[in-house]
Every structure is written in structure tokens, then in C-alpha cells.
Amino acid sequence: HNHYHCLYHSYQSNSSLLNHTVQYQCETNLKIMASQNKMDNKSNLIIQGYSVLQVKASDKSRAYRFLYLKEHSSAHQTVEWPQGRTLEVHNIPPFCTQDNLRKLFRDCGEIMRIYLQPKATAMPLKASLSVSSGTHIKNVSVAYVVFRKPNGVKNACSLTYDKERFLSDKDTPLMSGLRAYMHEYKDIPDVKIMEDQAEKYLAEYYKKKDEEAQQEKDMEGVPDEDGFIKVTRHGKNKGSKRTEENERKAKEKLRMKKKKTELKDFYTSQFRETKRKHILELQAKFEEDKRKIKEMKASRKFRPY
Amino acid sequence: MMKRKIITEVEEPAKKKIMTDDTGPKGRKKGKLSDREFNMEEISKLKETEALYHSSLFRLQVSELLREITVKQKLRSRLEEACTFITETLKNLPSGKEHKITDKKWLKSKGIQIPILERPAHVKGTFQFEPPVDVCVSGSFVIDAMVMPDVVADLILVVPKGFFQPKDYLNQRYTRKRALYLCSLASHLDKLKRVQDLKFKNFMGNPHKPVLLVKLNSEDDKTVTLCLQVVPETDTFKESRFHVSKNNIRPGWFSENSEENQNDDGTEALPATPYYNSSVLHDLCLVRNKQFIEKILGGSEGVRDGVKLLKVWLTQRELLKGLGAFSSFLLSCYVAYLIMSKKVNKLMNYYQVFRTTILFLSKSDWILEPPSLFEDKPQKMQPSLDEFRESGSCVFVDRSGFYNLAYMLPPHVFSRVKHEAELSLDALEQHQQSSFDALFMAHVSFARKFDHVFHISLKGSQLNDTLEKIDGLQQKVMDVGGHVSLILSQHVVTVLSEALGKRAKLLQCKIDKPKEWSKCDDPHDDKETRLTFGICIDTANAFNILDKGPSAEAVESREFRAFWGDKSEMRRFKDGTIHEAVLWTDSTCQRDRRLVCRSIVQHVLQRHCSIPAKSIQYMEGKLDPLLHVNLLPKESSLLYGTGEEQSLAVHHAFDHISRAVRTLSSLPLSIHSIQGVHPVFRHASVFPPLPVTQASSDVDVVSGHAVPKEGKSLPQYIPALKVICMLEGSGKWPEEIEAIVCLKTLLHIKMGAELRERHSMSTSVHKDYVDVVKDGFVFRLVISNTRELAVLRTVKTESGMIKFKDTERSSALEKEIVDLPRLTHLLHGIQQENPVFSVTVRLCKRWIASQMVCGLVSEEAVELMVAYIFTSPHPYAVPGSPNTGLLRFLYLLSSFNWKADPLMVNLNKDFTDEDYASIPKEFQKNRTSLPSMCICTPTDKQGTKWTKPLPTEPLLKRLIILAHESMTALECQILKSVDVTDFKMIFRPPLCHFDLVIHLLKKANVLHHQSVDGNECVEISESKDTGKKFPVVNFCVAEKFFQDLQTTFGDLAMFFYDPFGGNVIGLVWKPQAFEDKDFKPVNFRFRRPVINDTEKPNLEIIKDSILDDIRVMGGGIVQSIVSPKSLQ
């Protein structure tokens, strides 16, 4: 504690700290690793099926990032991510945009679509309506790049490892920091579009609801194949909703019923048992208090000063 | 069944033997065994506890406490041995040579400094050392009521009658001879091998009455301390000579005009010297009183332990020791008095003794109805009660009937004791687990106790001015022998309590800790007199800006004018009458009103005591700058004190909005309630929003909205104040969350359109909310319905059963539409009762934020902790100033046992007795699954709502350390303040604990004016017209950047930030993030491949690329990233 006290310091201006910026060090000895990888005699690096790519954010960057590239393959075929033409890119930097990736892979082939996601999935994440529109999917880390032709993927996977590559240049600047926040704020939603979308969805929803209700009504009282009639919330004998609460209540009722029929303290042993229980309870409380005291004692809670 | 049992036993005796060896049945047998014990003794004990003690837990706690403070037998026997040793030594001392009293040469040769102040120096008489006729051990050691840790055995040395000359009662001769006697004792004892150290101390802080502290080596190499007091034999002087209204210090002698007065017995005309007289009487009657008390108190365990508890209770309140304290001798006398008057009997247990004593203390009045130990028939010369009262102190007549036991106890200290007794009784009434802590464990420090603290420091010449100014003080100075602070404090308290009147509930001068000094030091340096006062204010009256006096024609008006001086003016009041009145400030600002007491103190002390304002250090208001914002232009009509007015302005605008929303006709359902949930609606927003001003040149316009323009300075930060509009329920609400969201969007659109068209308000419609501008504030209206909550919670199991289960989204929604409005409502209620709640809670939040842990402890948790301070203030009264509020908050945070107890905030007093039993029980049961801190309210009995998932255990630990350090630092600043004290110190946390510190660019930090050291001005416009365009809302890039850092790198590091204008972000790496991971897609983030020894590729984290990412993400925001460790 005493040490800590002297740590409160009076205000220091930033300028004095300016000179002491951290020295970044960029040691890239992966070249050695690339040669260690015996499978490979070209200068690209493939580990467990993932091609590794070194990328810098811009020419001002002092550190490399490592992208892991692989052809997307999944048991579920999706229209959005066609087999053979989709490239999975892992560990893209958090500020990476579609434009940055387009720039990186523009020499590999024509790119049709790019999906940016926070994690790897089997199919594209749906943009949910209920998630606020204002928040972009930030914190991206995996990208799916769909090429027009399959050899785009192959070209990308065989990109050389040791060439210096940049995510940005003059034409595709980095969209990050203050500029990105400003840009984001400019994205003011159009009320008309919002209204149309919402109305459309609601109309569909109510239509579906109506259909379901109609169907239920039609099925009312009609036995199914096995001859059972479904109890619904409409009609003559309404069933109560099957909720947890209701179920609990029903169980409780049963238990009470059972309890009522049971004879209490009938046998001497039963009587003795209840008495014993009572005493044990009292004792438990006392023990509990004692335990608490012991705990307090251990933490020196009784030394007043 | 019985039969079968017997048979088996008969058949298989061997099995039985095995059975008993078995642990199962044995365990049960044990249980039964303890049952029997429980039946016989424990049950009777439990019953007794219920009837005679507070509660079983309380009883256990107290007995643990007693065990802790009781003097162990070993130490006791050590002390006993030391006492006999010293007694033997002292009795066999040889008589000394005769010296004049003024002769100090022989003392100097022995290296001893006389322990009293000799002013005037010359005095007649001679001194010759005689060994004591008797040595006896005093009170608390005899009745075994000493309290650890500083155990001292008092020895009383009875000096033979022949030591004193007949006129030694006069002119401090007694005092000086007594001091010389101690000096020669010291010189003798110094020669002993066993004596380690000799020190002087003032007995009960009385500067006339030094005692000698002897540190002795005992046989087993431990040291014990004895305290030697000197008293004359009982019949040395006549008691009536020291009658309170007699004079025993001649003014002629004291003012050094003549040699000792000739006409010795002309005492009637001379001013009384009650203080001096009592101080001699104390010694004269000591043995008699002591024997009586020992007889009364001795032999009863309950009384003994009760006295010990009372001592702990007083010590925790800093009232037991020091000058003017409620000393342990006084305490023993009072308990003896209660026994005498049959209020306490010897069969009572310690709890009853303790409770009865504080009960009678709380009811008693030691001036109007003083207690008395005197039982005999009154003697002829004995002083009457009125004569006792005249001395100005409290009265408690002793056994002899002449001596006032409480002659050193000033009325203001007694009223403090009384006040504490009342509070403690109140704490005992509350059936809470914390009453034990409040009574005996919590240290009630002066700074935490008193709302306003101020110091008076007077240098030599100033002191003389002051003394001359005050009538009749010279005389008293003579009585106390030049120790001015003694009477000055009393005078200041008297004047101030008249001046403050109803504003103050309690006024006390701080009792300094008694000091000890070595035998060769001079304790008296009177370069500076320093007094510390505390005021407990009554918040209902203390902030009145006007003191209304008597009607101008009334006779009393002259008196009123005389008291207040030229501050008093004639004023015409609303009802047409003209009164004398004093106006303290014409500002309506709450900050200025809180400082009215300061103005009164300064004015009155200047007027009545000639103490200049610069000699008064008033601590209230010193922390206000932390909540203050400078406005531009300065002459604007807006006042920004500590922000209360801005909160009110927001409330005012909100009333308009809520009226407008209620009359909306375009909504298909009616609005059930409109509740603001932003902290400003519960007066808890650290910096309440200011009305909008945005220079149009700095923004672009996109479809009616202003947007920040690149290359220009960032627009002023305008928070959106969230308001929840609950629509009434209807069967037509959809049963699917997406559909509800769509429906709400449509409703928001309608709401926005109508507010814009019919009420001509500037609106901005979004999917989830509508922003509305009113009076320059932006309100964010959100429509909601409880159906939404139900839908989010509903889960359909495979068997078709509908279950309700809290999901992350549903609990977030529940907080927003149920819990927050309720909390807002309740805290608003606390603010209505306590006008300082708002400023306190905001100061506490400011502190939390400045420690850069703001996001890690939820705002609401902090608000509830502050609410606890107001709803359960024990052992204090409800705080009356932000300073005490902050200190108590820090104390609560750092001393509360978060691991073992839930904090129960009794909002609206809705907790039942049953809750107080069941909540801690449940807590104990589920402790492992509960968060690190649990704050229960009547509607959240588990107490997890606002403390899950953060703070985590290590964070809480850090917070506790920070709180503790800040508290000690601030308390020290308040109590020992000098002019240059920097009160912002505790708001600047150390940065060196971080791995990296990210400095932000000043231009990106739009809230810089709110930072601890920021003093930029904020421009505000007078016109509330914001033009056609909708202002930029909720745009704080620093905050956004901080949040992005957390979401992106949250797995790798923790980030710390002060949202109120903080210009740094602290970063601490999480160690587990730096381990190498297997080569798997889930581990790819921020890592690079490496080949380890086994030729298996691994993944290693690249710090540099993370730092590079931070720099790219913070483009235009980050200035530099530095390592604070590299600076060291």
C-alpha cells in the first residue's frame, strides 16, 4: 500500500512521453520456415492445406499480418458460396474492407462478391432485421471471396509468400479511424425504405398467421391418423397453454393432494423424526452462524483497530 | 420391524461390530450425540440469547470481539510483576535535597526537561523529593477492564503530606511541584537497568497534569508500560479551598506586575479559577473516587465486559482519548452512577450494560440535570449545581461533592457523545447483520463523520488579537495557565452554534490524539495554534440563502444587528412585513448554496473573534471543481456550478416532451408510461448535457441531418437521452420478435412524423428509436411493450412445452424497460429527500471513471452503493456534503466484505425482516455461482442485476486497493490541509501499471473539458433554435474507438479508459493470450505460424501487428502508444 501511494503523480503533459514511443521490431524469419517446409520448392508456404500470405496494411505499416487462404469447401452447398470458386481468407485485419480485399486479389481473377464475417461459417450469416441497422459488422476476421472462375482461387492460393503486399494504396485507402467513424455517421437511414421493409414483413407475417389460424380452425375437432383430437386454445374445451409455470403448478397440486391423504406424525417414529428435524434445523442455523464467525475471524474481522 | 431387528442382532452379533466400525452409522450416531448436547445446554442458551441479547450472531460476534480485546493472562501477570517491582523501588527511594521551585539546574544536569509550560516563570516555594507513602494500582487494571492493544497499568503514587507547604495550593505551585516530582522520579528510574524508556504524557490531555510513562523490560524479554501518576495525601489541603468559584491563581502574579499577592485571603473579589481548582481536586479526591468505583464495578463480569465494549465504542469514534475527551475514567464513573441509581445491576450481561449505558447517555443532559456520585448529607462549603454550571463545562459531581468529574468535558463533546449514542441505538433497532460492524468495527473518523470540516490556524500575533477581541477570555487564560486553544475552541463553538442555528445538527472541535514525548524534549511549541472543527449540517436548513431576523421594530432587532453586523439589512418580505435579515448569496446555484455555511463561519469568526478568512481553511467545496465545467460566454445566463441546474433543465424539457408524447393521436395504442432511463433522469449523470450549439460551418448536411465534416474540428458531443415509452398491452402484438421490431419501426415512424408536424419539433427517425430535440437537448424515444420481453424469453422445448428462459437479449431488454425505469424512479425519490444525493453520486462516479475502470463497474452499481450510504448510513447520520459522501463511499467499497455478505440496499424501505434473514442465507448457499459483488434491492433479491459479469474478482480487488488508497489520501488532505493541497490527486490514477498507454489526440477528444485537469471552456448559445438541421448526436470518437478496441482485442487484452475526457487508454495484456496455440482455423487471429521442435506447426501471437492494427484503427484519434515501463 505504501508503495502504491507514491504512484499518484501530478499531471504530466503528453509531450514528455512523446519521445519514448515503442520501437516496433519486425523480424521475419519465416523464410527459413518456408525452406523447412519440404513439400514446397516454390516460394509459397502451405501449412496443413492453408496457404500463408504476408500482408501489410499500408506502406507505412511496420508489421506483417499473416493471412491464411484456402478453398472453401463445405458439406452444405450454398448458392452464395459456390464450390470451387470461393476462397476462404482467415485472419484479415479488423479494419479490412471489401475494397482492400479486392485490391489484394485483383490479379488473381475477376471477383464477383466478397463476404466479411466475424467467424468462419458453413453458410453466409444473415443480416438480421432485429439487429440495429446502425451497427456494421465490425470485428471482421474471416472473408469469403467468390471468383467468377475457379482458377481465381488457385491463383490466390499460390501467391508467393515473400513478396511484400499491401492492403491499401492511393486508390483504395484504408477506411479506418476517424474517417470511418465519420463515414459511418453519414449513413442516415431512409425512412421510406425502412417503412416499406417493415410493412412488407408485417404483411407477410400476418398473412402467415392468418393461414395458420385458419388451418387450426379447420383441424378443430378433426381426429388425426391415430384418432387423436388436438386440444387448442380456441374452440369449446380450451386447453391451457403448456408452459413451465403451468406444469409446475399441476405438479404442485398433485403433491398437495398426496400430502393431504398422508397421515402426519401418526407413528411415534415419524413424530420423533419431525422433532429431530426441527432440532437439527436450529442447530444448523447456529452452526452456520458459528461458521460465519470463524470465517470473519480468519479475515481478522474482530480486531477493532 | 422391531422384531426383525432383534432377530438380526441375535443372529449376527459379529455384523453389529462391523457396523459400528462403519463410518455411515457412526456419523449418524455423532449427530444424535450433538443433538443431546444441543437440547440440554444450547437450547437454553439460545433462548437466553433471544431474550437478553440482540441476536445470536451478534452475541457470537461480540464474544469474539471481547476475546480479541481482553488482556491475556500472560500479559496481566507480566504487568503485575512490573507493578510490584516498581512499587518496591519507589518506596525505597531516598529523600532528595531542597531546591527552589524555579531552580532548574539540577534538572539540566540530569538531562530532563520539565514537562509543563511555566508561564510566568517565577514562583515562590521550595521543592524537596520525598518517597511516596503509598503506591496503588488504579481502576481499569484492578477491575480488569483494560482494552487491547495499548495496555498500560496506572500506578498512583501518594506523596506524603509533608512534601507540600501550606501555600502550595496557590499560583500553580502545586502543578509545578508535581511536575518536578515526576522529574526526580524519572531521574531515579533512569538508573534502573530494567527501564527501557521514559516518556511524559498529559493525563487526559490536560497540560497541567503530566504523567510519567515507564517502559519496563519484563522477565521474558517483553516490554510493558506503566503510567505513574502523583497525588497528594487526602488531607493535604482542605477540599473547600478548591471550591469552583474560588480563586487560586492571583491575577497580579499571573500578569507579572507584582510579586505574589499579599492579601491572600481576599479571594471573593477575584475571578474564579474553576479549571485549576478542579485539576487539583482531581488529585486530591482520586484515591477516594477510585476505591468507590472499584467497589461498585468490581466482581461483575457483565459490567466489566460492558465497560470494555463502551471503550471500544468510544475509541472507534475518536472520543476516548485526548484533551476534552470522554475519558475511560469518566466512563467508569458513569457506569458506577448508573449502578448506584439502579439503572444497571450487576447481574446484567454485557449487552444489557452496554445498551443501557448508551440509552441513558442519549437521554441525559449533563448541564441541566447532572449526574452525581455524592450520597452523603451536603456539607456547608459544598458548591451548588449552579456554581458548577458556571464554569462552562459539563457537570458530574464526584463522591466528595466538591469535585466536578467532567470539568474537562466541553458541552460540544458531550453532545457528540449523546448524538453517537442516539445513532447507535438506532443502529441496534435495525435488525441487520451490519449493526455489530456499525457499533464496534467501523472507525468513525472525523473527516467521514462531519459534513463540513474547517481548520483555524493562528500564528502568535494573530492569537493575541483574537484573545483581546473576546471579552473575559483573559481571565480564563489565567485559569488554564496559558493554554489558549482550550478556551478558544470552546468560544468558537459557542459563537458558531449561535450563528448557524438550525443549519447545524452538531458542531465539534476535533480532539487531538494525546502525544507522548521523551523526558528530555520540550513539548510546548506554540508557534501556531491549530484547531479543527466539524459541522454536521441539517440539509433541510443549511442551504437557505437567507437568515430572517426579528421584525424591524422589535426590540430584538438591535441584538440581531449587533450579532451580524453590517451583513444585516432590512428587507421587505412577500407578506409585506419588514424584517432584519442576512442574505448570504444571491446565486441560485446549488453549489453556492452549499457554501452558505462557509460564508457564515468566515463572517462570524471575523466579526466576533477577529479571525481573518485567510486563517480559516474550509474544506467543503474543495472537490467541486471536478464536477464543474467552464462555459463561454461567461456572462451567459446559464450557471454551471456542479451541474444540478443542468439536470433540472433536462427534467424541465423532458416534461414538455412527455406531455407532447402523451397527446399523440397517431398511435393505435395508448401510452402506458414514459420514463427516462438515462442517468440524468435520476440526477446521476456526472456531466449533465448542455444545450446544443453547432457552428454550421463545421458540418455537412445529409437529408436534414448535420453530419461531421472531414477536415473540420469535431462537433460538440451531444448525448441522446433515452426515454422508454411503454405502450399498453394488446392481443394484437405479434408473437415473433422480428415482427415486433417491424411493428415498432412503423410506430416510431408515425411518432416522429406527428411530433414533427403537430409539435414542430425537430426529429430524426430510426428503426429502433426516434430522436427529438427540445430546448437543445436530444431525447431518444424508444417504444416498448412487455410482450417483447415475453417473446424473447419464450423457448419451446422439443416436447412442445413452453419454457421461459432468460437470454442475453431478454435480460438486456428487461434491464432497460423494467429495471432501469424503476431504479430511476427510486433514486429520484432519494434525491427529493436529500439534496446532496445528486452531487455525491456524481462525484463518486467521477472518481470511479477517473480510475479508468468505468466500464468495468456498472454505473447502476455505483449508484446503488451511494444509495446505500443514504438509506443505511450507520454508524453515521445521512451525509450532508459530497466530501463525506465520497469518503464514505470509498470506505464502503474498500471495507465491505464483498465475499461474505451481500450489500442490501433498502430502497423505499421495502425489505421485510424475513428478507434480512433469507437473503444472506441464499447468498451463502449460492456464493460460488454469484458474481464478485452482490448488491440486493427489494426487487432484486439475488443482487446480481448490475454486477454481472463485471467486475470480476481481480478487478474488484484492484478497485478495493484504489478505493482504500484514495480514501486515506483524501482524509489526510482534509484533516491536514495546507493551502496548496491538490485535491485532484486521487483522481489521477497511476499509469505505470499498464503494459501500454495509448495517448489520444486532443482534437479527437471532444470531451476534453470534462477531464480532471481540463479547463477549456464550452461554448453555449443563448438561442435555443438549432435551425432546420438535426444536430450530430452521440458522436464521441474516443468512446467509439475504445469500444472497438474492446470488441476486437477483448480476448487478448483489457482496456481502461476514463469516458469523461480521458486522454489515455490503458492496455494490459492477458497472459493466457500469449501462449502458442495449435495450428487450427479458430486460432488464426493475430497469429503467425512457427515450427517448434517437434516439427509441428504452431501459432504464435504477433504483438507488433496488433499494435499496428490499433494504430490503423485509431487513425486520426491516436497520438502515440507508449510503454509506461520504459519510462522508469
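**Figure 1. Strand β4(B) and strand β7 (residues 223–232) of chain B run parallel and are joined by eight bridges.** The model shown is predicted, so that local features need pLDDT of at least 70 and side-chain atom pairs count only at pLDDT 80 or more, whereas totals for chains, interfaces and linings use all residues. Residues are numbered from 1 along each chain as its sequence is written, chains are lettered from A and ligands numbered from 1 in the order in which they are written, and side-chain values use heavy atoms, with hydrogens and water left out. Strands and helices are DSSP runs, numbered from the N terminus (E, at least two residues, for strands; H or I, at least four, for helices), and two strands count as paired if DSSP finds at least two bridges between them. Within the parallel pair, V152(B) has T225(B) of β7(B) as its bridge partner. Strand β3 (residues 134–137) of chain B is also joined to β4(B), here by four bridges and in the antiparallel sense, with D134(B) bridged to V158(B) of β4(B). Because seven of the eight residues of β4 (residues 152–159) of chain B are buried (under 20% relative accessible area; exposed is over 50% and partly exposed in between, with a 1.4 Å probe and protein chains only), this strand is largely enclosed by the rest of the structure.

**Figure 2. Five strands of chain B form an open sheet of mixed pairing, in the order β17-β20-β23-β22-β21.** The edges are β17 (671–676) and β21 (762–765) of chain B, each of which pairs on one side only. From one strand to the next the twist averages 25 degrees, where axes are lines fitted to C-alpha atoms (for helices over the stretch in contact) and angles between N-to-C directions run from 0 to 180 degrees. In general, the strands of a sheet pair through backbone hydrogen bonds, either parallel or antiparallel.

**Figure 3. The hairpin of β21(B) and β22(B) has four residues between its strands.** These two strands pair in the antiparallel sense over four bridges, and V765(B) stands opposite V770(B) of β22(B). Strand β21(B) is covered on both faces, since S762(B) and S764(B) on one side and T763(B) and V765(B) on the other are all buried. Strand β22 (residues 770–774) of chain B pairs in turn with β23 (residues 777–784) of chain B, antiparallel over five bridges, and there D771(B) has R780(B) as its bridge partner.

**Figure 4. K209(B) and D283(B) form a salt bridge, with N and O 3.2 Å apart.** The term stands for a side-chain nitrogen of Lys or Arg within 4 Å of a carboxyl oxygen of Asp or Glu, and the structure holds 47 such contacts over all chains. K209(B) lies in the loop between β5 (195–202) and β6 (210–217) of chain B, while D283(B) belongs to helix α10 (residues 274–297) of chain B, so the pair ties together parts that are 74 residues apart in sequence. Both K209(B) and D283(B) are buried.

**Figure 5. Further salt bridges of chain B include the pair R758(B) and E754(B), whose closest N and O atoms are 2.8 Å apart.** Both residues lie in helix α25 (residues 737–758) of chain B, four residues apart, about one turn of the helix. R758(B) is exposed, with a relative accessible area of 52%, whereas E754(B) is buried, at 7%. D592(B) and R591(B) also meet through their side chains (3.8 Å, N to O); D592(B) is partly exposed at 24% relative accessible area, and R591(B) counts as partly exposed at 24%. R594(B), E620(B), D624(B), E644(B) and R842(B) are linked in a network of salt bridges.

**Figure 6. L263(A), F266(A) and Y267(A) form a nonpolar patch on the surface of about 380 Å² accessible area together.** Patches are made of residues with over 30% relative accessible area and no salt bridge, nonpolar side chains (Val, Leu, Ile, Met, Phe, Trp, Tyr) being joined within 5 Å and like charges within 9 Å; areas come from the Shrake-Rupley method with a 1.4 Å probe, and for residues only the protein chains shown count as cover. F266(A) lies in the loop between α8 (244–261) and α9 (268–298) of chain A and is exposed, with a relative accessible area of 54%.

**Figure 7. E199(A) is located in helix α7 (residues 191–219) of chain A.** E199(A) is partly exposed, at a relative accessible area of 41%. The C-alpha atoms of E199(A) and V52(A), which are 147 residues apart along the chain, are separated by 47 Å.
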